[in-house]
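Reader: I'm new to this structure and don't quite know where to look. Could you pick one part, show it to me closely, and then explain how it sits in the rest?

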Amino acid sequence: MTRLNIKRLAQFCLVFVSIFINAIAYGASASLELGEYVDLNGHPKMKDINFRIKPPRGWAIKEGDGPNVVKKFEGPNLIFLVQTKNQVTFATRSAYRETYSDEATLRNFVAASMKGLRCSSGSELMDYGLETVALHPAVKYTLKCNTEKVGVEMTMFISIWVILYEDKIVSLTGMAFSEIDFLNAQNTFLMMVISASFPEQFN
């Protein structure tokens with residue numbers, strides 16, 4: 001086995017162990033049944049990214065609203081979105097990880113992302129950090145977002161994984177409109193994120 005193949009195998013094993021530990025930590029259960037992969041390769045909003053993800057069985061699968069929302073998965077009192085955006089420049093996984101391992105840079109990124117959500121006063125950043133999703137660095141943050149739509153005030157509880165992929169961003173967003181539903185959905189959101197993959201990474 002070549003040194004390159006050994007390095008790739010080691011990286012894969014580290015990621016697998018990390019996923020396994022996270023699954024246990026979040027109380028992942030075999031009772032959660034995901035459906036088949038939804039393959040988004042070739043979707044006009046995917047910006048040439050080869051990506052797929054598994055929603056839970058029984059969830060509705062809908063086209064996303066707006067130019068960057070690719071898919072919208074709807075379950076009981078829950079919503080999960082797949083979104084894409086272009087980055088200004090290309091960066092490798094190691095470069096992204098080095099950049100966002102800096103606490104100040106990570107915090108500024110999260111603050112800028114939250115501004116884009118247009119949350120109103122009383123909103124709260126609950127947690128944030130740098131994780132790994134489908135072998136790529138991902139900024140994960142959780143927030144309570146107070147907002148208004150067509151004159152109706154509402155509160156959303158949201159977890160967002162921003163996957164940093166070459167010169168693109170793939171965002172996975174799980175949300176609920178009550179804190180109880182949101183807390184109960186943590187295992188569901190986590191398992192969906194664990195299922196996400198960029199198929200070419202295994203070639």
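Author: Let's begin with the aromatic rings: Phe73, Phe80, Phe157, Phe182 and Phe189 are linked into a cluster by ring pairs. Please keep in mind that this is a predicted model. If rings count as paired when their centres lie within 6.5 Å, there are seven aromatic pairs. One of them is the stacked pair of Tyr165 and Phe198, with 4.3 Å from centre to centre and 5° between the planes. This pair ties together distant parts of the chain, since Tyr165 belongs to strand β8 while Phe198 is in the segment after α5, 33 residues apart. Are these two partners buried or exposed? Tyr165 has a relative accessible area of 7%, so it is buried, and Phe198, at 0%, counts as buried too.

One ring of the cluster leads us to helix α5: Phe189 is among the buried residues there, along with Gln186, Leu190, Met191 and others. In fact α5 is mostly covered, with nine of its 10 residues buried.

Rings can have charged company as well. The ring of Tyr37 has the charged end of Arg52 sitting over it, 4.0 Å from the ring centre. The charged end of Lys54 also sits over the ring of Tyr37, at 4.8 Å from its centre.

Now back to strand β8, where we met Tyr165. Ile160 has its place in this strand too. Its relative accessibility is 5%, and because the limit for buried is 20%, Ile160 counts as buried. Setting aside residues up to four places away in sequence, Ile160 touches Leu117, Val139, Lys140, Tyr141, Leu143, Leu172 and Thr173. Try finding Leu81 as well: Ile160 and Leu81 are 79 residues apart in sequence, yet their C-alpha atoms are 9.3 Å apart in space.

Val139 in that contact list is a good stepping stone, as Val139 is also in contact with Phe109. Phe109 lies in helix α3, and this helix is the part I would like you to look at most closely. Phe109 and Val139 are separated by 30 residues in sequence, with 8.6 Å between their C-alpha atoms. Beyond its neighbours within four places in sequence, Phe109 also contacts Tyr100, Val162 and Leu164. With 15% relative accessibility, which is under the 20% limit, Phe109 counts as buried.

What about the helix as a whole? Helix α3 covers residues 103-117, and at 1.5 Å a residue its 15 residues should span 21 Å; the C-alpha atoms at its ends are 22 Å apart, which agrees. Its buried residues are Leu106, Phe109, Val110, Ser113 and Met114. Around the axis they take up an arc of only 135°, so they are on the same side of α3. The spacing has a simple background: an α-helix has 3.6 residues a turn, so residues three or four places apart point the same way. Asn108 and Lys115 are exposed, on the face of α3 turned away from its buried side. And what covers the buried residues of α3? The cover includes helix α2 together with strands β6, β7 and β8.

Where α3 stops, there is a small backbone detail to notice. Most residues other than glycine have a negative phi. Arg118, which follows α3, has a positive phi, near 55°. Ala134 likewise has a positive phi, of about 55°, without being a glycine. Ala134 sits in the loop between β6 and β7, and its relative accessible area of 12% means that it is buried. Val150, another residue that is not a glycine, has a positive phi of about 45°. Its place is the loop between β7 and β8, and with a relative accessible area of 85%, Val150 is exposed.

Finally, let's step back to the whole chain. It holds five helices and nine strands, in the order α-β-β-β-β-β-α-α-β-β-β-β-α-α from the N terminus on. Of its 203 residues, 41% are buried. Among contacts between residues at least 6 apart in sequence, 51% join residues at least 24 apart; the link from Phe109 to Val139, 30 residues apart, is one to picture here. The chain exposes about 11,400 Å², of which carbon and sulfur atoms supply 54%.

How values were computed: Residues numbered from 1 in each chain as written. Predicted model: local features only at pLDDT ≥ 70, side-chain atom pairs only at ≥ 80, totals over all residues. Heavy atoms only, no water. Helix = DSSP H or I, 4+ residues; strand = E, 2+ residues; numbered from the N terminus. Expected span 1.5 Å × (residues − 1). Buried < 20%, exposed > 50% of the residue type's maximum accessible area, 1.4 Å probe, protein only. Arc of directions from axis to C-beta. Contact = heavy atoms within 4.5 Å. Areas by Shrake-Rupley, 256 points an atom, 1.4 Å probe, with all protein chains shown as cover. Phe/Tyr/Trp six-rings, centres within 6.5 Å; stacked < 30°, edge-to-face > 60°. Lys NZ or Arg CZ within 6 Å of the ring centre and 35° of its normal.
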